[in-house]
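User: Please examine the model shown below and answer a series of questions about its architecture and its ligand surroundings.

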Amino acid sequence: MILKNKNIIISAGATGVGWAAAKILHNRGANIFLCDINKSAVKKINANKIYKNKIYAFLCNADEEKEIIDFFKNIQKITNKIDCLINNVGISGPTGLIEKLSYKDWEQTLKTNVIGHFLFTKHAIPMLKKNKSGSIINISSTAGIYGFPLRSPYASSKWATIGFTKTAAMELGKFKIRVNAILPGSIKGVRMNKVIKAQAKSLGVSEKKVEQEFLSASSMSCWIEENDIGKLCSFLISDDGNKISGQSIAVDGNGLR
Ligand SMILES: NC(=O)c1ccc[n+]([C@@H]2O[C@H](COP(=O)([O-])OP(=O)(O)OC[C@H]3O[C@@H](n4cnc5c(N)ncnc54)[C@H](O)[C@@H]3O)[C@@H](O)[C@H]2O)c1
């Protein structure tokens, strides 16, 4: 139980990567406070007796600061001690050539993926400072170290996450608060299926061809599993990771491009 009694906040944690992480961290002893806009997923988690008083799910839109403030108020009704924030929220954004994309597409992607992380961090810092130590994990992407043709808003947002991580690690180091970014490669699941479909349509090629292209982008030629991200979160939050800060760590089977 390497995370016994750790209290962890996860944004957009009711499905996908965030939910996989929530289950792993909970199994290793942590209490989870997650939020999401997916009403049915939030309801389902709260209705599951296995998670009672262990995983708390709240409705909260990462695009709305007022809802984030209310989310933190709700957490503080249960505990004042927070050990970690996982900034997991992130939308795929549009698929298309730069000259075809709209201002609105760009604005929404940056709002959720960059400003969303800022807002959760802003409201978590006072609690982490009170705790006199802690960890912030920002979920970026390998799109944050490579280019990503047809996904310029997403790639830009994920590069921004790395700049934010480095800066926050410098500001917060003296408070023993560590800040790191995790950069997943392509994760097998609903979201990547949608991305592959959109990319195949945009390029006029088969989905199989796009899928092969994604796989050949790493020397291990593998899809990443949702659980792979939760396992790295667990290490970074635990005492084993207590001197790791300001780092961008890829989980991508050795990405080549
Ligand atoms: N899936 C991948 O292949 C992949 C690869 C690299 C990085 N990532 C990153 O990992 C993170 C999680 O990805 P995922 O695949 O689980 O995402 P996802 O698209 O499956 O969505 C996960 C959750 O986010 C919630 N959500 C969306 N907008 C929200 C908002 N404004 N406020 C609150 N909740 C919101 C959804 O309801 C959903 O429950 C993201 O930051 C993503 O960019 C994913």
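**Sheet and ligand shell**

Analyst: The model is predicted. Strand β2, residues 31-36, runs parallel to β3, and 5 bridges join the two. One pairing in this register sets I32 opposite its bridge partner in β3, I55.

User: In what order do the strands of the open sheet lie?

Analyst: The open sheet holds 7 strands, and their pairing is parallel. The average twist from one strand to the next is 20°. The order is β3-β2-β1-β4-β5-β6-β7.

User: Which strands stand at the edges of the sheet?

Analyst: An edge strand here has a single partner strand, so one side of it is left without a neighbour in the sheet. This applies to the strands spanning 55-59 and 248-251, namely β3 and β7.

User: How many residues of β6 are buried?

Analyst: In a regular strand, side chains alternate between the two faces of the sheet. On one side of β6, I177, V179, A181 and L183 are buried, and on the other R178, N180, I182 and P184 are buried as well. The strand is therefore largely enclosed by the rest of the structure, the buried count being 8 of the 8 residues.

User: What is the handedness of the crossover from β5 to β6?

Analyst: β5 and β6 pair in the parallel sense over 6 bridges, with S135 opposite R178 in β6. Between these strands the chain passes through α5, and the β-α-β crossover is right-handed.

User: At what angle does helix α5 run to β6?

Analyst: Helix α5 comprises residues 152-172. It lies across β5 (134-139), β6 (177-184) and β7. Relative to β6, the helix runs at about 165°.

User: Which residue in β7 is the bridge partner of A181?

Analyst: β6 and β7 run parallel and are joined by 4 bridges. Within this pairing, the partner of A181 in β7 is S248.

User: Which helix gives the most residues to the shell around the ligand?

Analyst: Two helices, α1 (16-27) and α6 (190-203), each supply at least two residues of this shell. The greatest contribution, 3 residues, comes from α1.

User: How many residues of the shell around the ligand are charged?

Analyst: There are 26 residues around the ligand, of which A12, G16, A62, G90 and I187 come nearest. By class, the shell has 12 nonpolar and 11 polar residues, and the charged residues number 3.

How values were computed. Residues numbered from 1 in each chain as written. Predicted model: local features only at pLDDT ≥ 70, side-chain atom pairs only at ≥ 80, totals over all residues. Pairing = 2+ DSSP bridges. Axes fitted to C-alpha atoms, helices over the stretch in contact; angles between N-to-C directions. Contact = placed C-beta atoms within 7 Å. Near = placed C-beta within 6 Å. Nonpolar A, V, L, I, M, F, W, Y, C, P; charged D, E, K, R; others polar. Buried ≥ 20, exposed ≤ 12 C-beta atoms within 10 Å, placed from the backbone. Right-handed = clockwise from strand over helix to strand, strands pointing away.
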